[in-house]
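Please look over the two-chain model shown here. A short report on its fold, core and interface is wanted.

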Amino acid sequence: MRTTPQRATAWVAATLKWGSYLSAALMLVGAVLLLGETDRPIQVGPPMPLRLLPGELLDASPYAVMQAGVLLLLLTPVVRLVMAAISFWLERERRYTLVSLGVLAIILVSVFLSR
Amino acid sequence: MLTPVVLLLVALGVLAGTFGALVGLGGGVIIVPVLSLLLDLPIKTAVGISLVCVIATSSGAAAVYVQRRWTDLRLGMVLELATALGAITGALVVTLLPDSFLKGMFGAFLLYAAVALLRQRQGEMVEVTAEPPDYQVRNHPLGLGVSYVAGSVSGMLGIGGGPIKVPLMHLFMGVPLKVAAATSNFMMGVTAAASAFLYYNRGDVIVAVAAPLAVGVFAGALLGSHLTRRIHSRWIRWLLTLVLFYLAALMLAEAFGFTLHGRALS
């Protein structure tokens with residue numbers, strides 16, 4: 001019988017749930033703000049550089065709010081891997097701690113490659 | 001122009017998310033062709049945006065499946081080693097391929113998905129209440145190999161890859177079908193994230209398109225999971241099969257240089 005890892009299950013499920021809620025809420029708010037900008041054409045360029053994001057967020061720019069939501073969505077699986085690694089480690093499942101860290105390392109390589 | 005476009009994107013997301021929840025297929029396979037054919041976006045941009053939606057589909061549904069213990073976390077994470085590597089490979093290789101080749105590949109995958117959907121027995125994906133049966137996972141090397149391929153296809157075409165991973169786990173690794181479907185959905189998030197970061201940094205994720213779509217996908221997934229018990233899935237299956245054949249024809253036509261349709265929004 002395959003047992004279910006209790007702690008990992010709870011932590012991973014919670015991460016996915018809150019990551020989804022928060023990112024969906026940000027993207028929804030951004031999209032609603034965008035609907036208010038009827039006088040301007042839609043911007044279809046690449047995402048703005050990260051260093052501009054905080055300032056634009058404070059200005060309630062729809063594009064910045066939507067971008068923050070998209071970024072949070074992209075980060076949800078990464079946080080999920082960190083949570084899985086910690087919970088497997090606390091349950092002394094060394095093999096699956098290493099597996100989680102391995103997948104995390106691959107994703108970080110992807111982030112690094114894309115810089 | 002702006003309001004209809006944003007509302008159209010939300011509607012497209014709802015449609016894709018609902019199909020995804022009802023049939024376990026229909027996120028990327030609908031989003032990429034529609035963005036590329038209807039909105040006239042470059043195919044690589046359509047793929048980057050679709051990957052964001054794949055993460056939305058995965059995270060939203062996986063939270064529920066993990067909680068209900070339908071997801072095999074251990075198996076999923078082992079196979080993610082291969083899908084994530086594959087996804088990075090796919091996202092790097094894609095830059096070397098001409099758009100027409102990608103469209104042809106996408107058309108071929110749509111045909112495969114449509115045929116796989118036709119062959120799927122009715123009611124297989126539906127009830128999720130009973131406890132999963134006991135099972136032993138076997139054939140790990142084959143699983144890792146095919147998962148690498150599934151990850152590469154996902155990274156190149158912006159799809160979740162369910163039609164590859166679910167039969168793999170179910171038929172060749174001894175995993176019950178519903179566990180295979182839930183585990184495949186769970187893996188899609190990490191797999192898509194691995195390539196999505198590359199697309200994002202290349203500028204291929206247009207947030208003004210991706211965000212309304214993803215909001216729709218979340219809403220559609222929620223709607224679909226409530227509809228599951230009420231709707232005759234056979235009709236949905238037939239409808240989606242027809243849609244897939246139609247999109248396949250359009251993508252293949254474009255791949256060979258024909259433009260058969262009017263651009264609705266260009």
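The report below covers the fold of one chain, the nonpolar cores, the interface and two unusual backbone angles.

## Model and fold of chain B

This is a predicted model. Chain B has 10 helices and zero strands. Read along the sequence, its pattern is α-α-α-α-α-α-α-α-α-α.

Chain B holds 266 residues, and 62% of them count as buried. Take the contacts in chain B with a separation of 6 or more: 85% of them join residues 24 or more positions apart.

## Nonpolar cores

The largest nonpolar core has 110 residues. Within this core, A:Val70, B:Leu35, B:Leu213 and B:Leu244 touch the most other members. Helix α3 of chain B (residues 43–67) gives the largest share, with 13 residues. Another core lies apart from it and has 15 residues. Its members include B:Leu75, B:Val166, B:Leu168 and B:Ala182.

What does B:Leu213 touch, leaving aside its neighbours within four places in sequence? Its contacts are B:Leu9, B:Leu12, B:Gly13, B:Ile31, B:Leu35, B:Ile49 and B:Cys53. One of these, B:Leu35, is also listed with B:Leu213 among the core residues that touch the most other members.

## B:Ala63

B:Ala63 sits in helix α3 of chain B. Is B:Ala63 buried or exposed? B:Ala63 has a relative accessible area of 10%, so the residue counts as buried; the cut-off is under 20%.

Its contacts reach into chain A. Leaving aside neighbours within four places in sequence, B:Ala63 is in contact with A:Ala13, A:Leu16 and A:Lys17. In chain B, B:Ala63 and B:Phe186 are 123 residues apart in sequence. In space their C-alpha atoms are 8.4 Å apart.

## The interface between chains A and B

The size of an interface is often given as the accessible area lost when the parts come together. For chain A and chain B, the buried area is about 4,800 Å². Carbon and sulfur atoms give 77% of that area. In residue terms, 59 residues of chain A are in contact with 52 residues of chain B.

How many salt bridges are there between chain A and chain B? The count is two. B:Arg74 forms a salt bridge with A:Glu93, and the closest N and O atoms are 2.8 Å apart. Seven residue pairs are in polar contact across the interface, both residues being at pLDDT 80 or more. On the side of chain A that touches chain B, α1 (6–36), α3 (62–90) and α4 (94–113) each supply at least two residues. The residues of that side divide into 37 nonpolar, 15 polar and seven charged.

## Positive phi angles

Most residues other than glycine have a negative phi. Two arginines in this model call for a check of that angle.

A:Arg92 is not a glycine, yet has a positive phi of about 55 degrees. A:Arg92 lies in the loop between α3 and α4 of chain A. Its relative accessibility is 76%, so A:Arg92 counts as exposed; the cut-off is over 50%.

Where does B:Arg69 lie? B:Arg69 is placed in the loop between α3 and α4 (73–93) of chain B. Its phi is positive too, near 65 degrees. B:Arg69 has a relative accessible area of 34%, so the residue is partly exposed; that class runs between the 20% and 50% limits.

Definitions and conventions: Residues numbered from 1 in each chain as written. Chains lettered and ligands numbered in written order. Predicted model: local features only at pLDDT ≥ 70, side-chain atom pairs only at ≥ 80, totals over all residues. Heavy atoms only, no water. Core = buried A, V, L, I, M, F, W, Y, C linked by side-chain atoms within 4.5 Å. Buried < 20%, exposed > 50% of the residue type's maximum accessible area, 1.4 Å probe, protein only. Helix = DSSP H or I, 4+ residues; strand = E, 2+ residues; numbered from the N terminus. Contact = heavy atoms within 4.5 Å. Buried area = accessible area lost by both parts, 1.4 Å probe. Salt bridge = Lys/Arg side-chain N within 4 Å of Asp/Glu carboxyl O. Polar contact = N/O pair within 3.5 Å; in protein donor to acceptor, adjacent residues only side chain to side chain. Nonpolar A, V, L, I, M, F, W, Y, C, P; charged D, E, K, R; others polar.
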